[in-house]
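Hi,

Here is the structure I promised to send over. Have a look at it first, and then read on for what turned up.

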Amino acid sequence: MDLKEDYVLKAQAGDGEAFIDLMKELELPLYRMALVIVKQEADCADVVQEAILKAYKSLHTLKDPAFFKTWIYRILINECNKLLKKRMLLMTGDELPCRPSGLMDYENIDLREMVDHLDENLQIVIVLHYFQDLPLSEIADVLGISTGAVKTRLHRARKLLLSWLGNGTERKMSCGTQ
């Protein structure tokens with residue numbers, strides 16, 4: 001059992017400080033994931049806070065402390081999706097978001113910006129795998145899909161990113177799941 005699992009067990013036993021220590025370590029990665037999904041910094045803190053609160057209240061339902069990180073990412077993604085649904089219900093037709101597909105200054109674009117132009121389902125697997133270092137099996141658990149589906153999404157995302165990088169001066173970022 002590693003140190004994090006020990007903290008999870010302590011937190012499940014009612015040790016609030018252990019839970020706070022876990023959250024201090026995960027706060028920034030959770031915030032980054034929320035930003036990828038909700039796209040607005042103003043909403044990130046809210047969904048992260050809500051996810052942490054839900055995790056704290058239902059910590060007793062976590063069966064295996066080794067999956068704490070996967071479990072809390074799933075809670076966060078669910079909270080982000082709730083916010084997005086609520087946001088969509090409040091928008092009028094003229095306000096619906098549109099992903100940029102025209103030319104921009106791609107000479108100075110970084111990988112993170114390119115990832116932001118991917119469809120959400122591709123963004124999430126890239127962020128979880130490459131930026132949060134989750135293994136494929138945990139990503140599958142977090143998203144509720146098969147490991148094969150995770151591999152397919154990673155392949156599609158990498159293929160799109162490589163095509164954008166390789167298109168020279170005509171780099172148009174048209175998003176799609178193909």
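Let's start on one face of a helix: A42, Q49 and K57 are exposed on the side of α3 that faces away from its buried residues. Before I go on, please keep in mind that this is a predicted model.

The buried residues of α3 are D43, C44, V47, V48, A51 and A55. They sit on the same side of the helix, because they cover an arc of only 130° around the axis. The general rule behind such a pattern is that an α-helix has 3.6 residues a turn, so residues three or four places apart point the same way. What do the buried residues of α3 pack against? They pack against α2 (residues 16–38) and α4 (residues 68–90). The length of α3 checks out too: its 17 residues (41–57) should span 24 Å at 1.5 Å a residue, and its end C-alpha atoms are 25 Å apart, which agrees.

One residue of α3 to click on is A55. It is buried, with a relative accessible area of 0%. Leaving aside neighbours within four places in sequence, A55 is in contact with F19, W71, I72 and I75. A55 also sits 9.1 Å from L76, C-alpha to C-alpha, with their positions 21 residues apart in sequence.

Now the cysteines, since you will probably ask. How many disulfides does the structure hold? The count is 0. Take C44 and C80: the sulfur of C44 has that of C80 as its closest cysteine sulfur, but the two are 7.1 Å apart, too far for a bond. The cut-off for calling a disulfide is 2.5 Å between the sulfur atoms. Seen from C80, the closest cysteine sulfur is likewise the one in C44. Are these two cysteines buried or exposed? C44 is buried, at a relative accessible area of 0%, and C80 is buried at 0% as well.

Stepping back to the whole fold, the protein chain has 8 helices and 0 strands. Read along the sequence, that gives the pattern α-α-α-α-α-α-α-α. Of the 178 residues in the chain, 37% count as buried. If you take the contacts between residues at least 6 apart in sequence, 61% of them join residues at least 24 apart.

Then there is the core. The largest nonpolar core has 49 residues, and those with the most contacts inside it are I37, F68, L76, L118 and L128. Each of the helices α1 (3–12), α2, α3, α4, α5, α6, α7 and α8 supplies at least two residues of this core. Which helix gives the most to it? That is α2, with 11 residues. The core also draws at least three residues from each of domain 1 (1–97) and domain 2 (107–177).

I37 is a good place to zoom in. Not counting residues up to four places away in sequence, I37 touches I77, C80, N81, L84, E120 and I124. So C80, one of the cysteines above, shows up again among these contacts. N81 is another of the partners, and this residue lies in helix α4. I37 and N81 are 44 residues apart in sequence, yet 8.0 Å apart in space, C-alpha to C-alpha. With residues up to four places away again left out, N81 touches I37, R74 and E120. N81 is partly exposed, with a relative accessible area of 26%.

Helix α6 (residues 120–131) deserves a look as well. Its buried residues are L122, Q123, I124, V125, I126, V127 and L128. They pack against α2, α4, α5 (111–116), α7 (136–143) and α8 (147–166). After α6 comes D133, which has a positive phi, near 60°.

A last backbone point concerns K39, in the loop between α2 and α3. K39 is not a glycine, but its phi is positive, about 65°. Its relative accessible area is 41%, which means K39 counts as partly exposed.

Cheers

Conventions. Residues numbered from 1 in each chain as written. Predicted model: local features only at pLDDT ≥ 70, side-chain atom pairs only at ≥ 80, totals over all residues. Heavy atoms only, no water. Buried < 20%, exposed > 50% of the residue type's maximum accessible area, 1.4 Å probe, protein only. Helix = DSSP H or I, 4+ residues; strand = E, 2+ residues; numbered from the N terminus. Expected span 1.5 Å × (residues − 1). Arc of directions from axis to C-beta. Contact = heavy atoms within 4.5 Å. Core = buried A, V, L, I, M, F, W, Y, C linked by side-chain atoms within 4.5 Å. Domains from an automatic or database assignment.
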